[in-house]
Amino acid sequence: MRVKKYVGDTIQDTIFKVKADLGPDAIILNTRKYKQGGFMGLFSRTKVEVLAALEDKKTSHRDENSEKALKEINNLKKMVQAMNEKWESDSFLNKLPDNLSSIYKYLVNQRVDKGYCQELMKKLKNASVDSQKSLISLLERKLNQVIGNPEPIRVNRNEQKVVLFAGPTGVGKTTTIAKLAARFALDKEVKVGLITADTYRIAAVQQLQTYSDIINIPLHVVYNERELSQIIRDKLKKYQLILVDTAGSSWNDQLQLGRLKKFASRNYVDEIHLLISMSTKSEDIKGILKKFSIIKPDKLLLTKLDETTTYGDIVNIKREYKLPYSYITYGQDVPDDIKPARKEELIQYILGDLNG
Ligand SMILES: Nc1nc2c(ncn2[C@@H]2O[C@H](COP(=O)(O)OP(=O)(O)OP(=O)(O)O)[C@@H](O)[C@H]2O)c(=O)[nH]1
Ligand SMILES: [Mg+2]
C-alpha cells in the first residue's frame with residue numbers, strides 16, 4: 001500500500017490533489033486542520049492535511065481478475081440459458097426417445113449439421129436397436145461411409161511425384177510440409193526435395209530453410225510457374241517426392257488465388273492438398289472450400305485438430321465435397337504431430353465422449 005500526505009488550503013482542493021495523484025481508487029486515511037505561520041496566534045493561516053493511500057497493484061490486479069471471472073461466469077450463465085432455450089425450442093428433440101435424445105444433443109453440440117443429425121436419428125430409430133452400445137456402433141458405421149478412406153501421399157520409387165499444398169494464411173502449410181518431408185525422408189528414406197513459392201515474406205523462406213537444413217534436403221525458391229517447372233525438371237529431376245509450399249491466400253483475395261492457380265497447374269503438379277484448419281468457423285470453411293475450388297484440389301488435409309473440441313465439420317465437409325482426406329495434424333511438433341487421416345480416428349474425434 002502506498003501512503004502519501006497532501007496539504008492544501010481547503011478540504012476540497014486537498015482531496016482534488018489526492019485524486020489527481022493517486023486516482024479514483026485512493027482511500028482517505030485521515031484529515032486534519034492546523035494553523036501555519038503568523039505571530040503568537042495572530043495572522044496564521046488554516047491549512048488542511050490529508051493522509052491518503054492506494055492499494056498496491058497486486059490487489060488491483062486481483063480485482064481485475066475477479067471482475068474478469070465475474071464476466072466469464074455471466075457469459076457462461078447466458079450460454080447455458082441459450083442452450084436450454086435452444087433445446088426447448090427443438091421440436092425434433094422433444095419427440096425423440098431418451099436413448100436417442102442424448103446422442104442427438106451430443107452430435108448437434110459437436111456442430112454436425114442439424115439436418116444430418118435428424119436424418120441419422122431417423123435411421124437409428126428405424127434400425128430398432130436399443131442398447132446404447134449398438135446405437136453408437138450403428139452410428140459409427142454411418143459416419144464411416146461418409147468419411148471414407150484416407151488417401152495419404154503414395155510414392156512410387158521409380159517415379160517423381162510433385163505435391164502442392166495450398167490453403168488460407170496461417171493454416172499450417174509450411175509446418176505440415178516440414179512434418180511430411182521429415183517422415184518421408186527420414187523414416188521412409190524417400191528422396192525428398194522442397195520448393196517454396198511463398199516469396200511474399202522473407203521469413204517464410206527462412207522458416208522452410210531451417211527445416212530443410214535439419215532434415216538435410218534441398219530447398220528451392222521460385223517466383224513464377226516457369227521457374228517451378230524448371231526446378232522440377234532440372235535441379236530436382238532425380239527426386240522422388242517434391243513438396244511445394246505456397247503463400248497463404250486470403251480466400252477473399254481473387255488476385256492471390258489467381259496467382260496460386262498458376263502454380264497449381266497440372267502441367268507440373270501431380271497432387272494438390274487443400275489445408276483446412278479445424279479451428280476455423282464452419283461458415284468460413286464453406287467459403288474457403290468454395291473459393292479454393294478454382295485450383296481443383298485433389299485431397300483435403302485437416303490441421304489444428306488440437307485447437308478445438310468440436311469436430312462436426314469433419315462430417316459436414318465430406319457430405320458436401322467428395323474429396324478424400326489425406327492427413328490430420330494435431331500440434332506444432334515437427335515431425336510428430338501428423339498422421340494419415342484414418343476414418344476410425346476421425347470418428348473417434350467426433351464421437352469421443354459419447355463412447356465414454
Ligand atoms: N496447434 C497447432 N498449431 C499448428 C498446427 N500446424 C501448424 N501450427 C502452427 O500454426 C502456425 C502457422 O503455421 P505455418 O506452417 O507457418 O502456417 P502457413 O499456412 O504456412 O502460414 P502462411 O505461410 O503464413 O500462410 C505456426 O505457429 C505453427 O506451429 C497444428 O496442427 N496444431
Ligand atoms: Mg507458410
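The largest cavity is where I will start, and its lining runs Ala-197, Tyr-200, Thr-246, Ala-247, Gly-248, Ser-249, Gln-256, Arg-259, Leu-260 and Phe-263. Keep in mind that this is a predicted model. By class, that lining splits into five nonpolar, four polar and one charged residues. The volume of the largest cavity comes to about 70 Å³. How many cavities of 30 Å³ or more does a search of the whole structure find? The search finds one.

Now the largest pocket. Its volume is about 440 Å³. There are 24 residues in the lining, and those that lie nearest the centre of the pocket are Gly-170, Val-171, Gly-172, Lys-173 and Thr-175. Sorted by class, the pocket lining holds 13 polar, seven charged and four nonpolar residues.

Which helices each supply at least two residues of that lining? They are H7 and helix H8, the latter covering residues 202-215. H7 provides the largest share, with five residues.

Next, the ligand. Ligand 1 sits in this largest pocket. There are 18 residues around ligand 1, and the ones that come nearest are Lys-173, Thr-174, Thr-175, Asp-306 and Thr-329. Two of these names, Lys-173 and Thr-175, you have already heard among the residues nearest the pocket centre.

What does the shell around ligand 1 look like by class? Ten of its residues are polar, six are charged and two are nonpolar. Helix H7, residues 173-187, gives the most to this shell, namely three residues. So much for composition; on to individual contacts.

I have three polar contacts to show, each involving an oxygen atom of ligand 1. At Thr-174, an N or O atom of the side chain is 2.8 Å from a ligand oxygen. At Gly-170, the protein partner is a backbone N or O atom, and the distance to an oxygen of ligand 1 is 3.0 Å. At Gly-331, a polar backbone atom is 3.1 Å from an oxygen atom of ligand 1. As for burial, ligand 1 taken alone exposes 650 Å², and the protein buries 83% of that area.

To recap on the ligand side: ligand 1 sits in the largest pocket, H7 gives the most residues to the ligand shell, and H7 also accounts for the largest share of the pocket lining. For the cavity, the volume to note is about 70 Å³. That is the end of my part.

Technical notes:
Residues numbered from 1 in each chain as written. Chains lettered and ligands numbered in written order. Predicted model: local features only at pLDDT ≥ 70, side-chain atom pairs only at ≥ 80, totals over all residues. Heavy atoms only, no water. Near = heavy atom within 4 Å. Polar contact = N/O pair within 3.5 Å; in protein donor to acceptor, adjacent residues only side chain to side chain. Areas by Shrake-Rupley, 256 points an atom, 1.4 Å probe, with all protein chains shown as cover. 1 Å grid on protein atoms, 1.4 Å probe; cavity = no way out; pocket = protein on both sides within 12 Å on 5 of 7 lines; lining within 4 Å. Sits in = over half its atoms within 2 Å of the grid points. Helix = DSSP H or I, 4+ residues; strand = E, 2+ residues; numbered from the N terminus. Nonpolar A, V, L, I, M, F, W, Y, C, P; charged D, E, K, R; others polar. Points joined across faces, edges and corners; volume = space filled by probe spheres on them.
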